[in-house]
Amino acid sequence: MKNYRYSEITPEKIYNKRRDFVKSFGLGLGSLTLGSMSLLNNAHALENNSELTSYKDITTYNNYYEFGTAKGDPYKNSQEFKIKPWNISIEGEVESPITLSADEILSLYPSEERIYRLRCVEGWSMIIPWMGFSLSKLLNKVSIKTEAKFVEFESVYDPEQMKGQRYPVLNWPYREGLRIDEAMHSLTTVVTGLYGKTLPKQNGAPLRIFVPWKYGFKSAKAIVKIKLVKKMPTSSWMKASPREYGFYSNVNPSVNHPRWSQASERVVGGSLLSPRVETQMFNGYGDEVANLYSGMDLKKYF
Amino acid sequence: MFNQINKKYLKIVIFTLSLVPIFFIIYQIITNQLGPEPIKDITHHTGKWTLYFIVITLAMTPLKMVTHLNIWINYRRMFGLFIFFYASVHLMTYVGLDYRFDIISIGDDIIKKKFIFIGFAAWLLLIPLALTSNKRMITILKGKWKKLHRLIYLISLFGAIHYLWLVKRDLTEPLIFLAVILILLSFRFKFKNN
């Protein structure tokens, strides 16, 4: 598997050309890595829309309420944000809690290219060439106790630097959570970059989580704490509106959000005349993750 | 005589100014200045201007009361028609551009989503007002005309609630809008009590 250095800069054009090259050989749709799980995943994500979302759209159209509620706010308000030094603690129901710096994590776990579709609960989607590695690798570093059933992610709290946190738009700091088997799934990613570059601040630098089969808000940005817990954590959005945001929040076209359609989505970057596309169950990653929920009523556990 | 001409010109100026928002968004479309979700931009733009014209229309009577000038009333009907105009473009953006006349999905939205339900109801209620917004209908309907056109009070509240229900988290703007509507409506009740 090819690993990318963070200093390695791949311009969007070359990036797309490389993808065309791969496509022209009919080898795969998203990645240079052959025969790996991630190739399958990538091909999956790209069945419907083969185009990567542009670097500009990915980095200027964000939901990151810590920096403001408008889509352009995170880009505008995050540029001065300090991400060095940065520590992340892994604690809770573990044998040996640890604190690692972001740099240590970056050097311990090489990143690979992971092209996933991001489906926002608001009904839009992007195809993003992330850089990152499976969260399970990081979690395997601490011995998790058998009592641990869930993982809670806590994002940074710094209202001095994060304008949006001066208002009670959400319950700060931002909290998200996963069931332990979801967290250990190989698709669940610690994101370190995108488009072969370091992760921009507006996208959650220095490190964020990405869970491809769940709505975007499940993927916490700028994380400082990973806590193994016994009970299901209450996420910031669940607290804000339990009727609208459930703990699981799997992408599911047959479970309507009370206020907008989840049956279809708009692909970001399209023109006025581009049609909506049908939303896929588990955002198209059903083959990989559906077994996590066998026997569960996903209408009830939305 | 001079006054008449002035009034006429003023009306043309106001009419033209009222079209600026639609030209602005058309200009943005042509010059490709809309964001990554252009349809959302058009929907929000026309929705906001519908709300602004509701405020402008409802402000005419209070302005008359405060300034003791009748001139405001001359433009009230035209502003009201611009509510209908922007509301219709707003609705057509959703129906035509966003959902490409997919009537099943739209019907589903109207039934299941309360903000769409109330927004659509507001647009339906605007139709009889738009149809009777000419001098002939005023003379035909006489006293009933005023009664009928009081529907705009209800429509304005529907508009405010539509906005309030669709916002995801930060309710500041819709609440400001609702407050302005309530203040403007309160003038009507004061007037009656006096």
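**Entry 1: the sheet of chain A**

I began with the open sheet of five strands in chain A, whose order I noted as β2-β1-β10-β5-β6, with mixed pairing. At its edges I found β2 (98–101) and β6 of chain A, each of which pairs on one side only. Neighbouring strands of this sheet are turned by 15° against each other on average, with direction ignored. I note here that I am reading a predicted model throughout.

**Entry 2: strand β5 and its partners**

I looked up β5 of chain A, residues 150–155, and found that six of the six residues are buried, so this strand is largely enclosed by the rest of the structure. In a regular strand the side chains alternate between the two faces of the sheet. I checked the directions in this strand: A:Phe150, A:Glu152 and A:Glu154 point one way from β5(A), while A:Val151, A:Phe153 and A:Ser155 point the other way, and all are buried.

On the side of β6(A), residues 175–179, I found antiparallel pairing with β5(A) over five bridges. Within this pairing, A:Glu154 stands opposite A:Arg175, and A:Glu152 stands opposite A:Gly177. Although β6(A) is an edge strand, I noted that it is mostly covered, with four of its five residues buried.

With β10(A), residues 223–229, β5(A) also runs antiparallel, and six bridges join the two strands. The bridge partner of A:Phe150 in β10(A) is A:Val229.

**Entry 3: strand β1 and A:Gly92**

I then turned to β1(A), which pairs with β10(A) in the parallel sense over four bridges; here A:Ser89 has A:Lys225 of β10(A) as its bridge partner. A:Gly92 lies in this strand, β1 (residues 87–92) of chain A.

Is A:Gly92 buried or exposed? I found 20 other C-beta atoms within 10 Å of A:Gly92, and because a residue counts as buried at 20 or more, A:Gly92 is buried. Leaving out residues up to four places away in sequence, I listed its contacts as A:Ala148, A:Lys227, A:Leu228 and A:Val229. The last of these, A:Val229, is also the bridge partner of A:Phe150. For a long-range check I took A:Ser254, which is 162 residues from A:Gly92 in sequence and 36 Å from it in space, C-alpha to C-alpha.

**Entry 4: chain B**

In chain B I found nine helices and zero strands, which I wrote along the sequence as α-α-α-α-α-α-α-α-α. The C-alpha trace of this chain spans about 50 × 40 × 35 Å along its principal axes. For 194 residues a compact globule would have a radius of gyration near 16 Å, and I noted that the 18 Å of chain B agrees with this. Of these 194 residues, 25% count as buried. Among contacts in chain B between residues at least 6 apart in sequence, 65% join residues at least 24 apart.

I chose helix α8 of chain B, residues 151–166, for a length check: at 1.5 Å a residue its 16 residues should span 22 Å, and the end C-alpha atoms are 23 Å apart, which agrees. Its buried residues are B:Ile152, B:Ile155, B:Ser156, B:Phe158, B:Gly159, B:Ala160, B:His162 and B:Tyr163. An α-helix has 3.6 residues a turn, so residues three or four places apart point the same way.

**Entry 5: where the chains meet**

How many residues does the contact take from chain A and from chain B? I noted 17 residues from chain A and 17 residues from chain B. The side of chain A that touches chain B divides into 10 nonpolar, four polar and three charged residues.

How values were computed: Residues numbered from 1 in each chain as written. Chains lettered and ligands numbered in written order. Predicted model: local features only at pLDDT ≥ 70, side-chain atom pairs only at ≥ 80, totals over all residues. Contact = placed C-beta atoms within 7 Å. Nonpolar A, V, L, I, M, F, W, Y, C, P; charged D, E, K, R; others polar. Buried ≥ 20, exposed ≤ 12 C-beta atoms within 10 Å, placed from the backbone. Pairing = 2+ DSSP bridges. Rg over C-alpha atoms; globule rule 2.2 N^0.38 Å. Expected span 1.5 Å × (residues − 1). Axes fitted to C-alpha atoms, helices over the stretch in contact; angles between N-to-C directions.
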